[in-house]
Amino acid sequence: MSVAGSASPLAMASTGGDPAPPVPAAETAPVADAAHVAPVLGPPSTWVVSTPASVLDIPARPAHPEPAAAETPAAAPVPPPPPPPPPEVFDTSGDQLAGWVNEALRVMKSQGMPVGAGDVRAIRTIIDKESGGDPQAVNRWDSNWIAGHPSKGLMQCIDSTFEANKLPGHDDIFDPVDNIIAGVRYTFDRYGSFAGHPGLKSMSQGSGYRGY
């Protein structure tokens, strides 16, 4: 039986009758910070698996592109110039003399003379009667020869007649084109037309050719 206020038997159990020193209480483990306490999971049968929220595929907003610089339109290709028209053909005989007659008529028309295809026959007749178609022909038997200024070339022009009726750039009395030009211009200047040419007029009346 213990008496109130007396020491407990355990406390009195020292060899000297002195009370035993107090037994230190068992060291209590420090309590972990509540914020770091791992959650306690129950058995797997109690786990609840929630379906993750679907991820929205939000397209990225395109950046505002800088306005493209206005392109300078390419210059339209310049079309090539049209080819020159083929030369006008007056004499269609196709021989060498036709080429000379055609060129002479083209030159005279470009200078405003009223000549054309209708004059081809008259020109060829004069050439045939005067020189036989030889651009180097020189008359050595008529009065012009005796006077010292013989007739020359296709249409048998004397030098003074040629010089008075040639066109600029057509200065060679023996050049067939130049000679035709001078002979035709002389005919128009002196007789008005081929109709007034002495040789052609005589032939139209049934007579022979006469020189002009």
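**Lys-152 and the H1–H2 pair**

Biologist: Which residues does Lys-152 touch, leaving out those up to four places away in sequence?

Modeller: Lys-152 touches Ala-137, Val-138, Cys-157, Asp-159, Ile-173, Phe-174 and Asn-179, where contact means heavy atoms within 4.5 Å. This is a predicted model, in which local features need pLDDT of at least 70 and side-chain atom pairs count only at pLDDT 80 or more, while totals for chains, interfaces and linings use all residues. Residues are numbered from 1 along each chain as its sequence is written, and side-chain values use heavy atoms, with hydrogens and water left out.

Biologist: Is Lys-152 buried or exposed?

Modeller: Its relative accessibility is 17%, so Lys-152 counts as buried (under 20% relative accessible area, against over 50% for exposed and partly exposed in between, with a 1.4 Å probe and protein chains only).

Biologist: And where is Lys-152 found?

Modeller: Lys-152 lies in the loop between helix H3 (143–147) and helix H4 (159–165), helices being DSSP runs of H or I with at least four residues, numbered from the N terminus.

Biologist: Changing topic, at roughly what angle do the axes of H1 and H2 cross?

Modeller: The axes of H1 (residues 96–110) and H2 (residues 120–130) cross at roughly 125° and come within 11 Å.

Biologist: Which residues make the contact?

Modeller: Leu-97, Ala-98, Val-101 and Leu-105 of H1 meet Val-120, Ile-123, Arg-124 and Ile-127 of H2.

Biologist: What is the mean pLDDT of the protein chain?

Modeller: The mean is 82, and 67% of the residues reach 70 or more, pLDDT being the predictor's confidence in each residue, from 0 to 100. Over residues 1–17 the pLDDT is below 50, and this stretch has eight contacts in the model beyond near neighbours in sequence.

Methods. Axes are lines fitted to C-alpha atoms, for helices over the stretch in contact, and angles run from 0 to 180 degrees between N-to-C directions. Helices (H or I, at least four residues) and strands (E, at least two) are DSSP runs, numbered from the N terminus.
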